[in-house]
Each structure stands twice: as structure tokens, then as C-alpha cells.
Amino acid sequence: MRHIISILMENEAGALSRVAGLFSARGYNIESLTVAPTEDLSLSRMTLVTRGSDQIVEQILKQLNKLIDVVKVLDLGDTPHVEREMLLVKIEAKGADNRDELKRLADIFRARIIDVTDTTYTCELTGAGHKLDAFIQALGSATILETVRSGVSGISRGPKSLHL
């Protein structure tokens with residue numbers, strides 16, 4: 001089962017490596033990982049996606065709570081939440097017909113073309129992971145030169161929040 005774990009932690013050197021070390025030492029895989037400072041510059045918020053049974057994730061949460069840099073931990077899968085991911089994709093765009101088709105496809109998916117050269121388009125798309133996957137699949141015969149995905153960012157819905 002897929003779990004999105006949100007961690008509020010001290011913005012200190014080595015904090016990220018201690019969390020990653022916890023996962024690798026126990027043989028757990030991290031599918032995606034995002035980290036950035038919060039509105040309080042002394043704290044960072046880490047969002048990671050992993051897969052495992054409820055028992056395994058419960059163990060992970062207990063181990064994370066033991067780390068000195070960790071302030072709070074929340075499994076977003078336990079609550080209603082919103083999640084998003086960002087994709088940057090560079091596509092070969094040669095010929096007027098091909099360029100027009102790529103523009104139409106970007107419009108359908110509400111992607112933004114953020115860079116244009118004589119031979120390429122770079123598109124930005126934000127949404128749920130399955131939407132990004134669908135866009136890549138819809139590009140089909142277009143030549144994808146490069147893709148970059150941010151990994152999942154998530155936040156709980158309603159009044160529940162991860163703060164001090």
C-alpha cells in the first residue's frame with residue numbers, strides 16, 4: 001500500500017541523511033522525497049512516499065518519531081489530503097504541424113509551455129501523479145528529450161495541520 005508521510009523537522013545539517021539512513025538501514029524504499037523550509041525558517045517539511053503494509057509503516061512512523069531532529073510525523077494516507085507533483089518535460093518540436101499538435105496537447109492537459117527554441121518545447125505540468133503519467137503517455141510518438149519530476153508534495157485538508 002502507498003503511504004505519503006509528512007515530517008516536520010528541524011532545519012539542520014544532516015537531518016535529511018538521518019531520515020534517509022533510517023529507511024535504507026531497514027531496507028525500505030523511498031519512492032519520492034521532497035524537502036523545503038517552512039514559514040518558520042528553523043523548520044523544514046519533508047514529504048516522502050513509500051510502500052508497505054500498515055504494520056511496516058507504523059514501525060517507520062515510530063522510528064521517525066525517535067529521531068532527534070523530527071518534531072512531528074503524519075501519515076497523510078490516514079486523513080483527507082491534497083497531493084500534487086510537478087513535471088518538466090523537454091520535447092522535440094520540429095515542423096509547424098508537430099508544434100501545433102504539441103501546443104494542443106499541452107492545452108488539453110493544462111500544461112504550460114515555459115521554454116521554446118527552434119527545435120524544442122519545455123512544458124510544465126502540475127497535478128496528481130496519474131495526470132502526469134497520462135500526459136507523458138499522450139505525447140506518444142513525440143520525442144521526449146528529458147523529464148524531471150518533483151516528487152509528491154502533500155497537505156492535509158481541513159483544520160488538521162502539521163505544525164508546532
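Guide: Welcome! Two strands count as paired if DSSP finds at least two bridges between them. Please keep in mind that this is a predicted model.

Visitor: What makes β1 and strand β4 a pair?

Guide: The cut-off is at least two bridges, and β1 (residues 2-10) and β4 (residues 70-75) are joined by five, in the antiparallel sense. They therefore meet the rule for pairing. In this pairing, I5 stands opposite D75 of β4.

Visitor: How do you know that β1 also pairs with strand β3?

Guide: The same kind of count applies: nine bridges join β1 to β3 (residues 43-51), and the two run antiparallel. With at least two required, β1 and β3 therefore pair. Here S6 stands opposite T47 of β3.

Visitor: And what makes β2 and β3 a pair?

Guide: Six bridges link β2 with β3 in the antiparallel sense, and the rule asks for at least two, so they pair. One of the bridge partners is again T47, which in this case partners T34.

Visitor: Why are β2 and β4 called edge strands?

Guide: The open sheet has four strands in the order β2-β3-β1-β4, with antiparallel pairing. Its edge strands, β2 (32-37) and β4, each pair on one side only. On average, neighbouring strands of this sheet are turned by 15° against each other, direction ignored. Helix α2 packs on the sheet, where it touches β1, β3 and β4, and its direction makes about 5° with that of β1.

Visitor: Why is β1 described as largely enclosed by the rest of the structure?

Guide: Of the nine residues in β1, seven are buried, so the strand is largely enclosed.

Visitor: How do you know whether M46 is buried or exposed?

Guide: Buried means under 20% relative accessible area. M46 has 0%, so it is buried. This residue is found in strand β3, and leaving aside residues up to four places away in sequence, its contacts include I5, S6, I7 and L16. I5 is 41 residues from M46 in sequence, while their C-alpha atoms are 8.1 Å apart in space.

Visitor: What makes V19, L22 and F23 part of a helix contact?

Guide: Those residues belong to α1 and meet I60, Q63 and L64 of α2, where contact means heavy atoms within 4.5 Å. Helix α1 (residues 15-25) packs against α2 (residues 54-66) at an angle of about 145°, with the axes 11 Å apart. The crossing is right-handed. The residues of this contact comprise five nonpolar, one polar and no charged.

Visitor: Why is the ring pair of F23 and Y28 called stacked, tilted or edge-to-face?

Guide: Ring centres must lie within 6.5 Å to pair, and planes over 60 degrees apart count as edge-to-face. For F23 and Y28 the centres are 6.4 Å apart and the planes stand at 80°, so the pair is edge-to-face. The rule yields two aromatic pairs in the model. As for exposure, F23 is buried at 1% relative accessible area. Y28, at 23%, is partly exposed, because that class lies between the limits of 20% and 50%.

Visitor: What makes the phi of R110 worth a look?

Guide: Most residues other than glycine have a negative phi. R110 is a residue other than glycine, yet its phi is positive, near 60°. It lies in the loop between α3 (96-109) and β6 (112-116).

Visitor: How do you know whether R110 is buried or exposed?

Guide: Exposed means over 50% relative accessible area; R110 has 73%, so it is exposed.

How values were computed: Residues numbered from 1 in each chain as written. Predicted model: local features only at pLDDT ≥ 70, side-chain atom pairs only at ≥ 80, totals over all residues. Heavy atoms only, no water. Axes fitted to C-alpha atoms, helices over the stretch in contact; angles between N-to-C directions. Left-handed = near helix turned anticlockwise from the far one by under 90°. Nonpolar A, V, L, I, M, F, W, Y, C, P; charged D, E, K, R; others polar. Buried < 20%, exposed > 50% of the residue type's maximum accessible area, 1.4 Å probe, protein only. Phe/Tyr/Trp six-rings, centres within 6.5 Å; stacked < 30°, edge-to-face > 60°.
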